[in-house]
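Please walk me through this model in the viewer, one selection at a time, and tell me what I should find at each stop.

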Amino acid sequence: MKRRRVLFIRLSQFRIFLRKLIVTLVVISAFGLVILSKADNAHLNTTEDVVARVLNPVIRVMQLPADGVYYLYEKIRDVIRVYADNKALKSQEERVYYLEQKLQALKIENELLSEMLYYTPPEDADFVTAKVIASEGDGFSHSLIAYIANVKSVKKGQVVLYKRSVIGRIDSVHGSYVRILLISDINSKIPVVVERTRAKGILSGNNTSVMNLLYTAPKADIVKGDEIVTSGVGGIFPSGLPVGYVTRVSPSAIEVEPMEPIETVEYVKIVNYGTYEDFFDEDFDR
């Protein structure tokens, strides 16, 4: 019992001593802070400089990864921005190219239609323009298929022009589509004359790009380069329409090529001269 009592007393004394020590340290610390606040800051500034010199390199080293990550982020963002701009420029370039091609096509179409207007039909004739959509060129036939909106005014036998020359006539009409029998077809026979000498003949197709001038006078004055025009005989074609020009003259044959290359035809002019329409209607309906 005595030992326990002595131990308890000693602990109580230690606690009292510890409290006094803490109070003393607090007072001393407060007194020291007051003195430091009154004292010169030279020593503090020196201490701060030393600490700054030590810590600045450490801080810089610690900032390197952050700077690297930020730099990499900026580069990735630049790449993404450049990719988006490049994609937009490509899309814009494709649109510009499409518009250029469309403009070029319209320009060519306008030139073709303008060239077709060079020839003016007589006052008593009217015409419509048709778009060629297909062609037939083999050993059996030479013809074109054209689309026309105002098909009511188109009839079998009407003359078909390309630019200012004859290339054929309407062979059949089916709805909004017409079949054009070309002058190069083997079934095409056109009364013509040599414009320079007025020598008459029949221009016959043979399913090639070259036609033959038949039934001319034996001593007819025909030379290479002579222009061939319609004679108007038979009333199917009016007189004076250009058809082609002579390319070769030999004892066995006189060859004629079309005035315009038929394989490049895109638009045609269907002219109604009002000549022998009843003849075609009656003859082909038999």
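## A tour of the predicted chain

Begin with the whole chain shown as a cartoon, where three helices and twelve strands can be picked out. Because this is a predicted model, a sensible next step is to colour by pLDDT, which averages 76 over the chain, with 63% of the residues scoring at least 70. Now select residues 276-286, where the pLDDT is below 50, and note that this stretch nevertheless has eleven contacts in the model beyond near neighbours in sequence. Where pLDDT is low, the predicted coordinates should not be read in detail.

**The chain as a whole.** Switch to a colouring by solvent accessibility: of the 286 residues, 30% count as buried. If you draw a contact map as well, consider the contacts between residues at least 6 apart in sequence, of which 55% join residues at least 24 apart.

**The nonpolar core.** Select next Ile167, Ile180 and Ile270, the residues with the most contacts inside the largest nonpolar core, a set of 40 residues. Then add strand β3, residues 159-162, which supplies four residues to this core, the largest share. Keep Ile270 in view and display what surrounds it: leaving aside residues up to four places away in sequence, Ile270 touches Asp126, Phe127, Val128, Ala130, Ile148, Val154, Gln158, Val159, Val160, Ile170 and Val178.

**The largest pocket.** Turn now to the largest pocket, which holds about 310 Å³ of space. To centre the view, select His142, Leu182, Ser184, Ile262 and Glu263, which lie nearest the pocket centre among the 19 residues of its lining. The elements that give two or more residues to this lining are β1 (126-137), β2 (142-147) and β11 (254-258), and β1 provides the largest share, with four residues. Coloured by residue class, the lining shows eight nonpolar, seven polar and four charged residues.

**The second largest pocket.** For the last stop, which residues line the second largest pocket? Select Leu213, Thr216, Ala217, Pro218, Ala220 and Ile222, and then add Val249, Ser250, Pro251, Ser252, Ala253 and Ile254, and the lining is complete. The volume of this second largest pocket is about 150 Å³, and by class its lining has nine nonpolar and three polar residues but no charged ones.

How values were computed:
Residues numbered from 1 in each chain as written. Predicted model: local features only at pLDDT ≥ 70, side-chain atom pairs only at ≥ 80, totals over all residues. Heavy atoms only, no water. Core = buried A, V, L, I, M, F, W, Y, C linked by side-chain atoms within 4.5 Å. Buried < 20%, exposed > 50% of the residue type's maximum accessible area, 1.4 Å probe, protein only. Contact = heavy atoms within 4.5 Å. pLDDT = per-residue confidence, 0-100. 1 Å grid on protein atoms, 1.4 Å probe; cavity = no way out; pocket = protein on both sides within 12 Å on 5 of 7 lines; lining within 4 Å. Points joined across faces, edges and corners; volume = space filled by probe spheres on them. Nonpolar A, V, L, I, M, F, W, Y, C, P; charged D, E, K, R; others polar.
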